[in-house]
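Reader: Hi! I'm new to reading structures, and I'd love a close look at one part of this one, the biggest pocket and what surrounds it. Could you walk me through it step by step?

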Amino acid sequence: MKRLSVKSLIGIVLVLILLISLFTSVESSNTKTIRLGVNLELSGAVAQFGQRNLEGLKMAIEEINNKGGVLGKKIELVIYDNKSDKTEALNVATKLATKENVFAMLGPVTSGATKSASVAAQRYKIPLISSTATDDLVTVDERTGKTKAYIFRICFNDSFQGSVMANFALKTLKVKTAAVIYDASSDYSKGLYKNFKEAFTKSGGKLVAEEAFSKGEQDFNGILTKIRDKKPQAIFAPVYYDEAGLIIKQARELGMWIPILGSDGFDDPKVIEKAGSKYATNVFFSTHYSSQDTDKKVQDFRKRYQQKYKIEPNALSALGYDLGYFIADAIKRANSTTDKEKLRRAIENTKNFVGITGIISIDSKHNAKKSAVIIEIKDGVQKFKQKLNP
């Protein structure tokens, strides 16, 4: 048998690569569905958030598909659980990009997990949209200060949310001194603490205590006793629902009935469940949506969600729902179900998208410019307080 030369072998390899490339291209263009990767916290510490977010997302996609889909194709969600873990969020994003061949990635919910997942999205040039990650650095490269080309969010960011709560404390509640309790292991918590402090002190407020705790903390009595001795007029606790309920309960048990302020991490029934109705009062937090909003679009969504899931939709549910319609709108405007660059540009150019959580426009740093809602918890019941615009 005649042995092939190196030159011939190289030629054969190049032809094979070309054929594989052509086959992949044809296969991709002929795909019957638009595959979107979903990377959410469906188990672990913040599973409640991921599950509510997924419910809203699935409801939106089901509605879109029932109306014929987008550009003649149905949307298929490829769903993975990142287990509320930043490393797993990166693993999931990498798998979605390299093995699942998704057109875009949706999620994660938390800022830390989203920043981890963004590494894969940037590397493989796949648009990633979080509906809930609020840390300013989610969409910005910390080293260069440049906007991450493929990373977007449809929620407001911590700079806005922190300043909203600082101004609410100063102008609405008329407090002049405050204490902060934050999770030193959480990007979300640290970012909000930083932005609240900056806005509160800049406008004449004074922080009399700044206390950090570690992930998984259950006993806040020591921290709260130190804070009580400083006699603040309010406490700002930018934490998630488990810690929020415990902080409220333990503060009240120590005789501290001053206003306790929070962020969108408070927006879950577990806050009241853990605090207890008699203690869950004089509590205020910023979030993205209120089911008590009288807007017909909001009330129609609320009714359909309740019929489908038998529970009240919270902000995570509404943001997940908006995310489904937001990505569908971007795909339609991109006029492509395969070209990720066209999709990226369409997302980047989004202006005045009307969602359940407000009117969304994407700015130069890939943040959503939109309003925030203040919710009051009084005697164990959430009540709409006010809406604040950017």
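Author: Happy to! Let's begin with the helix α6, which supplies three residues, the largest share of the lining of the largest pocket. Please keep in mind that what you see is a predicted model. The average pLDDT of the protein is 92, and 92% of the residues score at least 70.

Now for the pocket itself. The space in the largest pocket comes to about 480 Å³. Its lining is made of 25 residues, and A45, D183, S186, K215 and Y240 are the closest to the centre. Try finding those five on your screen to see where the middle of the pocket is. Three elements give two or more residues to this lining: α4 (111-124), α6 and α8 (241-253).

Let's stay with α6 and see what it rests on. This helix covers residues 187-202 and lies across β6 (177-183), β7 and β8 (235-236). Relative to β6, α6 runs at about 165 degrees. A second helix, α7 (residues 221-230), also lies across β6, β7 and β8, and α7 runs at about 175 degrees to β7.

Those strands belong to a bigger arrangement. β7, β6, β8, β9, β10, β14 and β15 form, in that order, an open sheet of seven strands with mixed pairing. The edges of this sheet are β7 (206-213) and β15 (381-388); each has a single partner strand, so one side of each is left without a neighbour in the sheet. A little background helps here: strands of a sheet pair through backbone hydrogen bonds, either parallel or antiparallel.

You can find both kinds of pairing in this sheet. For the parallel kind, look at β9 (residues 260-262) and β10 (residues 283-287), which are paired over three bridges. There, L261 stands opposite F284 of β10. For the antiparallel kind, go to β14 (residues 372-378) and β15, which are joined by seven bridges. One of the pairs to look for is K378 with its bridge partner V381 in β15. β14 and β15 make a hairpin with two residues between them, and D379 in that turn has a positive phi of about 55 degrees.

There is an enclosed space to look at as well. The structure holds one cavity of 30 Å³ or more, and the largest cavity has a volume of about 100 Å³. Among the residues lining the largest cavity are F49, S111, Y188, Y240 and D264. You have already met Y240, as one of the residues closest to the centre of the largest pocket. V109 and T110 line the cavity too, and just before them in the chain is a feature worth finding: the peptide bond from G107 to P108 is cis, with omega near 0 degrees. P108 sits in the loop between β3 (104-106) and α4, and α4 is one of the elements that help to line the pocket.

Another backbone feature is at L71, which has a positive phi of about 55 degrees although it is not a glycine. You will find L71 in the loop between α2 (47-66) and β2 (74-81).

To finish, here is a second sheet to compare with the seven-stranded one. β11, β12 and β13 form, in that order, an open antiparallel sheet of three strands. Here β11 (353-355) and β13 (368-369) stand at the edges with a single partner strand each, so one side of each is left without a neighbour in the sheet. β11 pairs with β12 (residues 358-362) over three bridges, and F353 has I360 in β12 as its bridge partner.

One caution as you explore: over residues 17-29 the pLDDT stays under 50, and the model has three contacts beyond four places in sequence for that stretch.

Technical notes. Residues numbered from 1 in each chain as written. Predicted model: local features only at pLDDT ≥ 70, side-chain atom pairs only at ≥ 80, totals over all residues. Heavy atoms only, no water. Pairing = 2+ DSSP bridges. Helix = DSSP H or I, 4+ residues; strand = E, 2+ residues; numbered from the N terminus. pLDDT = per-residue confidence, 0-100. Contact = heavy atoms within 4.5 Å. Axes fitted to C-alpha atoms, helices over the stretch in contact; angles between N-to-C directions. 1 Å grid on protein atoms, 1.4 Å probe; cavity = no way out; pocket = protein on both sides within 12 Å on 5 of 7 lines; lining within 4 Å. Points joined across faces, edges and corners; volume = space filled by probe spheres on them.
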